[in-house]
Amino acid sequence: MKLLQAVSENYANPITCFFHVLFKAAALAFYILFSLFVKSFVIIFVITVLLAALDFWVVKNVSGRILVGLRWWNEIDDEGNSVWKFECLDGESLARMNKKDSWLFWWTLYLTAAAWIVLGIFSLIRLEADYLLVVGVCLSLSIANIVGFTKCNKDAKKNIQAFAQNALASRVTSSLQSAFGVI
Amino acid sequence: MSHNHGDTIPLHPSSAQSDMDEIESLIHAAPSSATVLPARPPSPPRASIPISSSPAPAPVPSKPPLPAASIPISVSPVPPASASVSVPIGADGFGPPPNTLTEPVWDTVKRDLARIVSNLKLVVFPNPYREDPGKALRDWDLWGPFFFIVFLGLTLSWSASVKKSEVFAVAFAVLAAGAIVLTLNVLLLGGHIIFFQSLSLLGYCLFPLDVGALVCMLKNNVVLKIVVVTITLAWSSWAAYPFMSAAVNPRRKALALYPVFLMYISVGFLIIAID
């Protein structure tokens, strides 16, 4: 109980953090345990890929928004071109984001991808093409999220800089104008 | 106007500014806020939203409104201090664009589910009065295709009496790789199609074959299987035809469509041959 209290004091959104980690850990654990003990490839494949897909959705739509205030998606505009959109909370809200939350977010993202790569190497060594398929799917989902959020993050930083410059310029302008208004 | 979503983080930082300063800063911020705001361009009827909806650096993108789900959202977070500027936003009739960054999770789920259903209806139930096939799968998603491919693999694997795992792995790999290769085929023929849109489309067109595989799994009669598979195969190909043919040069239509047909035929054979 005390541990839980300590945990929830440090993280601003403990439930979201929990779910963020839950599906990743479940997919990895399920894959490792079942491929060691159960010989049914179909079940392993379906459940692992399902958990990985759920994790992808949760990270992209829920924990990305709540833990780091970022979101990315793809759209097709009127001319039929594919456009990648990035969205972020504005500077103040971003600064208010809990540091621990975002630390957890990014590190679990990277660690999961690394874990899948290691598992992929194992199944390569054992020459199991089936399991390589599972690892391939899960890995591509993790990498998609990493790439999407990294781009979104860079975009957000650029926007914050631009906003800060503009805010500065506008305040200078408005104070100049009020100065001239007085004259 | 609700800021009553439990987890809404106030997006507008300007509570300290007077209205006049606010409007001034908005005017000065406007040129760059068009880039700061990755406003989401809505589908054609509401094309005015992105331009007029950049009142503040707070992103206020709009999503295409789904029948019931998002109308309540679309009435929601408009930053309080910019109420005077929000009039042009509301003028399009759909209300201020919803803010997807702070929406409740349940709304995201509902939105995605509604998108899957609408994509399914658009693609699989052919509509002879469809205006522009290319626009139909604008809101592509890969959940539908994922479920259909896995379901087809499971059904085939269940029907097989031996080598279940291999059947599943082969079915999944053939369908996934086949979709990717078919998309590349269209792109190499000089067609205009988005990679993910095409994957999504080919996945959704598997739905009739899923139904056929289910029926064949339940009744193991060869003649019935052939009939069912032929019907569902024709349905799948008919569903895929308008999109694929719209994407390429008319003279290359057959070149683009024939591999699609081939892939569905091979899946159909797989369904018939499994016992």
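Q: What percentage of the 183 residues of chain A count as buried?
A: Happy to start with the overall picture, keeping in mind that this is a predicted model. Buried here means under 20% relative accessible area. For chain A, with its 183 residues, the share that counts as buried is 46%.

Q: What pattern does chain A follow when read along the sequence?
A: Chain A contains six helices and two strands. Reading along the sequence gives the order of these elements, and the pattern is α-α-α-β-β-α-α-α.

Q: Among contacts in chain A between residues at least 6 apart in sequence, what percentage join residues at least 24 apart?
A: A contact here means heavy atoms within 4.5 Å. Taking the chain A contacts between residues at least 6 apart in sequence, the share that joins residues at least 24 apart is 69%.

Q: Are helix H2 and helix H5 of chain A roughly parallel or roughly antiparallel?
A: Helix H2 of chain A covers residues 14-37 and helix H5 of chain A covers residues 99-125; they pack with their axes 10 Å apart, at an angle of about 10 degrees. Angles under 35 degrees count as roughly parallel. H2(A) is therefore, with respect to H5(A), roughly parallel.

Q: How do the residues of the contact of H2(A) with H5(A) divide into nonpolar, polar and charged?
A: On the H2(A) side, the contributors include A:Cys17, A:Val21, A:Lys24 and A:Tyr31. From H5(A) come, among others, A:Asp101, A:Phe105, A:Trp116 and A:Ser123. The residues of this contact divide into two charged, four polar and twelve nonpolar.

Q: Is A:Ser123 buried or exposed?
A: A:Ser123 sits in helix H5 of chain A. Leaving aside residues up to four places away in sequence, A:Ser123 touches A:Tyr31, A:Glu128, A:Tyr131, A:Leu132 and A:Val135. Its relative accessible area is 3%, so A:Ser123 is buried.

Q: Which residue forms a salt bridge with A:Arg126?
A: Side chains of opposite charge can pair when their charged atoms come close. One residue that A:Ser123 touches is A:Glu128, which counts as partly exposed at 24% relative accessibility. With the closest N and O atoms 3.8 Å apart, the salt-bridge partner of A:Arg126 is A:Glu128.

Q: Why are B:Lys110 and B:Asp107 separated by about one helical turn?
A: These two side chains meet in a salt bridge, at 4.0 Å from N to O. B:Lys110 counts as partly exposed at 31% relative accessibility, while B:Asp107 is buried at 13%. Both belong to helix H5 of chain B (residues 105-124), and the separation of about one helical turn arises because they are three residues apart.

Q: Are B:Arg115 and B:Asp112 buried or exposed?
A: B:Arg115 and B:Asp112 form a salt bridge, their closest N and O atoms being 3.8 Å apart. The two residues are three apart in helix H5 of chain B, so about one helical turn separates them. Both B:Arg115 and B:Asp112 are buried.

Q: How many salt bridges does the structure hold over all chains?
A: Among them are the pair A:Arg126 with A:Glu128 and the pair B:Arg115 with B:Asp112. Over all chains, the number of salt bridges is four.

Q: How far apart are the end C-alpha atoms of residues 167-188 of chain B?
A: An unreviewed UniProt entry places the feature "transmembrane region" at several spans of chain B, including residues 142-160 and 167-188. In the model, residues 142-160 of chain B are 89% helix and 0% strand, with end C-alpha atoms 27 Å apart. Residues 167-188 of chain B are 100% helix and 0% strand, and the distance between their end C-alpha atoms is 31 Å.

Terms used:
Residues are numbered from 1 along each chain as its sequence is written. Chains are lettered from A and ligands numbered from 1 in the order in which they are written. This is a predicted model: local features need pLDDT of at least 70, side-chain atom pairs count only at pLDDT 80 or more; totals for chains, interfaces and linings use all residues. Side-chain values use heavy atoms; hydrogens and water are left out. Axes are lines fitted to C-alpha atoms, for helices over the stretch in contact, and angles run from 0 to 180 degrees between N-to-C directions. Helices (H or I, at least four residues) and strands (E, at least two) are DSSP runs, numbered from the N terminus. Angles under 35 degrees count as roughly parallel, over 145 as roughly antiparallel, 65 to 115 as roughly perpendicular and the rest as oblique. Ala, Val, Leu, Ile, Met, Phe, Trp, Tyr, Cys and Pro count as nonpolar, Asp, Glu, Lys and Arg as charged, and the others, Gly among them, as polar. Buried means under 20% relative accessible area, exposed over 50%, partly exposed in between (1.4 Å probe, protein chains only). UniProt positions are given in the numbering used here, feature names are shortened, and annotations may be inferred rather than shown by experiment.
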